[in-house]
Each structure stands twice: as C-alpha cells, then as structure tokens.
Amino acid sequence: MQRQYRLGANRQFNYVYRRGKRVSAKDLSLLYVSVRQKRVGFSVNKKVGVAVVRNRTKRRLRECIRPRLAQMKNGYYVFVARPSIADCSFQELSAQVDALLRKLESAQHREAGRAGK
C-alpha cells in the first residue's frame, strides 16, 4: 500500500476513534470517518503477540487492503486487530476484510435511508 494512503499522525487515529462508525467481524474491527482524503491505518495491540507476529499481521492487512483501495470511498479507515488474528490464514483475513467493507457499506446505506425520511 502506498504511503500516501496511510494514516500517520496519532491525532488522525484519535479523530477516528472519537468520531468513527464501527463494524466488527470475528478477528477485526473497522472504524470509519468520512473525510475528503482516503487514508487507512492499522492498530495491532501487544496482545496479538510479539513484534514479529504484530508486524506480519500489519503486512497481511496492508496487502489485503491494497487491491481494494480503488473501490473504497474517501475517508479514514482504522482496522483494529484482535488477538485471535495471529492464527488466521491470509484467505480468512481477506474474507473478513471484504465482510467488514460490505457491512460498512450497508450501514451507510441504512443511515442515508433514515436521514432521507
């Protein structure tokens, strides 16, 4: 994933944590805030494992997101890993990312429907 699409500053993460909409799957949560830019960040806690495991998890997540970036709407996305993610295969991880993005899309449609009434 290109550096221009990465969330960098701690304040950007805090902004998403405070104002973001959350959708969850078995091993991942996704927080989203609509803004003009498209940025993605990853939060992998020490409970996931040692540094090698955490870094591998972040690399896998980045690779799951890279081909999907073109279809994602502008906004800040933060993927939060749960400890059970260390045992997931890449295919399972990819399926969970797809599921989270679909859940987020449907949640946004439901909100837009309520706002229109």
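Phe-90 is partly exposed, because its relative accessibility is 32%. The model is predicted. Phe-90 sits in helix 3, which covers residues 90–116. Beyond residues up to four places away in sequence, Phe-90 touches Arg-60, Glu-63 and Cys-64. Ser-43 lies 47 residues from Phe-90 in sequence, and the two C-alpha atoms are 17 Å apart.

Cys-64, one of the residues touched by Phe-90, is buried at 0% relative accessibility. Cys-88 is also buried, at 8%. The cysteine sulfur closest to that of Cys-64 belongs to Cys-88, but the distance is 10 Å, so no bond can form. A disulfide would need the two sulfur atoms within 2.5 Å. The structure holds 0 disulfides.

Helix 2 spans residues 51–65. Its 15 residues should cover 21 Å at 1.5 Å a residue, and the end C-alpha atoms are 21 Å apart, so expectation and model agree. Val-53, Arg-54, Thr-57, Leu-61, Cys-64 and Ile-65 are buried in this helix. These residues lie on the same side of helix 2, because their arc around the axis is only 105°. An α-helix has 3.6 residues a turn, so residues three or four places apart point the same way.

Helix 1 (residues 10–19) has Gln-12, Phe-13 and Val-16 buried. Their arc around the axis is only 100°, so they share the same side of helix 1. The face turned away from this buried side carries exposed residues: Asn-10, Arg-11, Arg-18 and Arg-19. The cover over the buried residues of helix 1 includes strand 2 (28–33), strand 3 (38–44) and strand 4 (75–81).

The largest nonpolar core contains 25 residues. Within this core, the residues with the most contacts are Leu-28, Leu-30, Val-40, Ile-65, Tyr-77, Phe-79 and Val-97. At least two core residues come from each of strand 2, strand 3, helix 2, strand 4 and helix 3. Helix 3 gives the most, with 5 residues. Outside its neighbours within four places in sequence, Val-97 is in contact with Leu-28, Leu-61, Cys-64, Ile-65, Arg-68 and Phe-79. A second core is separate and has 8 residues, among them Leu-7, Tyr-76, Val-78 and Val-80.

The count of aromatic pairs is 3. In one of them, the ring centres of Tyr-15 and Tyr-76 are 6.3 Å apart and the planes meet at 80°, so the pair is edge-to-face. Tyr-15 belongs to helix 1 and Tyr-76 to strand 4, so this pair ties together parts 61 residues apart in sequence. Tyr-15 is partly exposed, with a relative accessible area of 26%. Tyr-76 is buried, at 10% relative accessibility. In another pair, Tyr-32 and Tyr-77 have ring centres 4.8 Å apart and planes at 50°, so the pair is tilted. This pair links distant parts of the chain, with Tyr-32 in strand 2 and Tyr-77 in strand 4, 45 residues apart. Tyr-32 is buried, with a relative accessible area of 6%. Tyr-77 is likewise buried, at 3% relative accessibility.

Terms used
Residues numbered from 1 in each chain as written. Predicted model: local features only at pLDDT ≥ 70, side-chain atom pairs only at ≥ 80, totals over all residues. Heavy atoms only, no water. Helix = DSSP H or I, 4+ residues; strand = E, 2+ residues; numbered from the N terminus. Buried < 20%, exposed > 50% of the residue type's maximum accessible area, 1.4 Å probe, protein only. Contact = heavy atoms within 4.5 Å. Arc of directions from axis to C-beta. Core = buried A, V, L, I, M, F, W, Y, C linked by side-chain atoms within 4.5 Å. Expected span 1.5 Å × (residues − 1). Phe/Tyr/Trp six-rings, centres within 6.5 Å; stacked < 30°, edge-to-face > 60°.
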